[in-house]
Amino acid sequence: MATEIHIRNLHAGYGAVTVLNGVSIDVNDTETVALLGTNGNGKSTLMKSIMGLVRATQGEIRATIDGQALNLREMSTEQIVEAGIALVPEGRHLFPKMTVAKNLMLGAYKKAARAELERSLAQAYEVFPILKERREQLAGSMSGGEQQMLALARALMSRPKILLIDEPSVGLAPILVHHVINQIKTLKEMAGLTVLMAEQNFTQAMRVADRGYLIVHGEMAVQGTTEELYGSDLVKKYYMGL
Ligand SMILES: Nc1ncnc2c1ncn2[C@@H]1O[C@H](COP(=O)(O)OP(=O)(O)O)[C@@H](O)[C@H]1O
Ligand SMILES: [Mg+2]
């Protein structure tokens with residue numbers, strides 16, 4: 001059954017400051033969609049709006065999960081997570097003084113996920129063997145790449161159908177960026193996820209995305225397939241300095 005997100009004319013911001021100015025995007029069943037844009041253009045605000053962490057002031061945020069239609073603007077963050085949407089936040093937000101295993105277990109806090117904890121843990125360790133090796137290590141003592149893997153694995157512990165990933169490559173060495181992006185693709189295929197990924201790294205994101213949207217100053221500037229985006233003058237301007 002279909003699992004998708006449809007956002008129409010979304011306005012959101014912080015207090016009197018409007019950050020998103022009428023954004024519309026679609027993430028269709030099993031797609032990986034890239035949300036592109038340089039720093040400060042509203043990518044994280046969009047992700048937080050979907051999760052109900054930032055409240056939209058206007059527009060529609062709707063999702064369908066396993067065929068069930070949801071109006072996310074009317075739901076709390078907890079209900080949104082419970083319904084099957086998870087966010088891997090920018091900056092990871094791990095519990096640095098807790099072990100890897102404990103961080104993972106805390107990801108399974110929603111009701112349906114707790115029953116599947118053992119299976120989810122086994123799956124996480126299968127995709128990220130390094131996390132199994134390091135399961136008793138404190139999260140804060142791991143490298144940036146390992147912490148990003150842990151953040152991804154933790155989000156999957158809630159057994160989401162839709163995964164929002166905010167800037168997975170931030171702060172990682174180029175070789176690790178490549179690796180983490182590949183792992184996102186593996187995870188997505190293994191868990192049958194629908195994915196929206198915010199990323200400043202255009203070429204890495206478009207290696208695994210089906211389509212992308214370029215957000216500039218809180219508005220959708222360009223959208224298209226990888227090929228279309230590579231041909232876009234705005235993409236060239238923002239990413240390639242042309
Ligand atoms: N908590 C906040 N309070 C006020 N302004 C914020 C807050 N978070 C982000 N902003 C502002 O919103 C704009 C968009 O930020 P953000 O959504 O984080 O962009 P991106 O993720 O694309 O870098 C920026 O101008 C930023 O300064
Ligand atoms: Mg951001």
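## Around the ligand

Which elements each supply at least two residues of the shell around ligand 1? In this predicted model, they are β2 and α1. Of these, α1 gives the most, with three residues.

Residue by residue, the shell around ligand 1 consists of Tyr14, Val17, Val19, Gly37, Asn39, Gly40, Asn41, Gly42, Lys43, Ser44 and Thr45. Sorted by class, that comes to three nonpolar, seven polar and one charged residues.

## The four-stranded sheet

Now for the sheet that β2 belongs to. Four strands make up an open sheet, ordered β2-β1-β4-β5 and paired antiparallel. The edges are taken by β2 (17–27) and β5 (68–71); each has a single partner strand, so one side of each is left without a neighbour in the sheet. Ignoring direction, neighbouring strands here are turned by 15° against each other on average.

If you want to trace the pairing, start with β1 (residues 4–14), which is joined to β2 by eight bridges in the antiparallel sense. As a residue-level example, His6 has Asp26 in β2 as its bridge partner. Helix α1 (residues 43–51) lies across β1, β2 and β4 (56–65), and its direction makes an angle of about 70° with β2.

## Ala69 on the edge strand

Ala69 sits in β5. Is Ala69 buried or exposed? It counts as exposed, because there are just 10 C-beta neighbours inside 10 Å, and the cut-off for exposed is 12 or fewer.

Setting aside neighbours within four places in sequence, Ala69 is in contact with Arg62 and Thr64. For a sense of distance, take Ala69 and Gly91: they are 22 residues apart along the chain, and their C-alpha atoms are 31 Å apart in space.

## The six-stranded sheet

There's another open sheet, this one with six strands in the order β6-β7-β8-β3-β9-β10 and with mixed pairing. Its edge strands are β6 (85–88) and β10 (219–225), each with a single partner strand, so one side of each has no neighbour in the sheet. From one strand to the next, the twist averages 15°.

At the β6 end, the pairing of β6 with β7 (residues 162–166) is parallel and runs over four bridges. Within it, Ala86 stands opposite Leu163 in β7. Helix α7 lies across both β6 and β7, at about 165° to β6.

## Helix α5 and its two faces

Which residues of α5 (residues 117–127) are buried? Ser120, Leu121 and Ala124 are. Looking down the axis of α5, you'd find the buried residues within an arc of 100°, so they line one face of the helix.

What covers these buried residues includes α3 (100–106), α4 (111–114), α6 (129–133) and α7 (144–156). That last helix, α7, is also the one lying across β6 and β7. Turn α5 around, and the face away from the buried side carries Glu118, Arg119, Ala122 and Glu126, which are exposed.

Note on methods. Residues numbered from 1 in each chain as written. Chains lettered and ligands numbered in written order. Predicted model: local features only at pLDDT ≥ 70, side-chain atom pairs only at ≥ 80, totals over all residues. Pairing = 2+ DSSP bridges. Axes fitted to C-alpha atoms, helices over the stretch in contact; angles between N-to-C directions. Contact = placed C-beta atoms within 7 Å. Buried ≥ 20, exposed ≤ 12 C-beta atoms within 10 Å, placed from the backbone. Arc of directions from axis to C-beta. Near = placed C-beta within 6 Å. Nonpolar A, V, L, I, M, F, W, Y, C, P; charged D, E, K, R; others polar.
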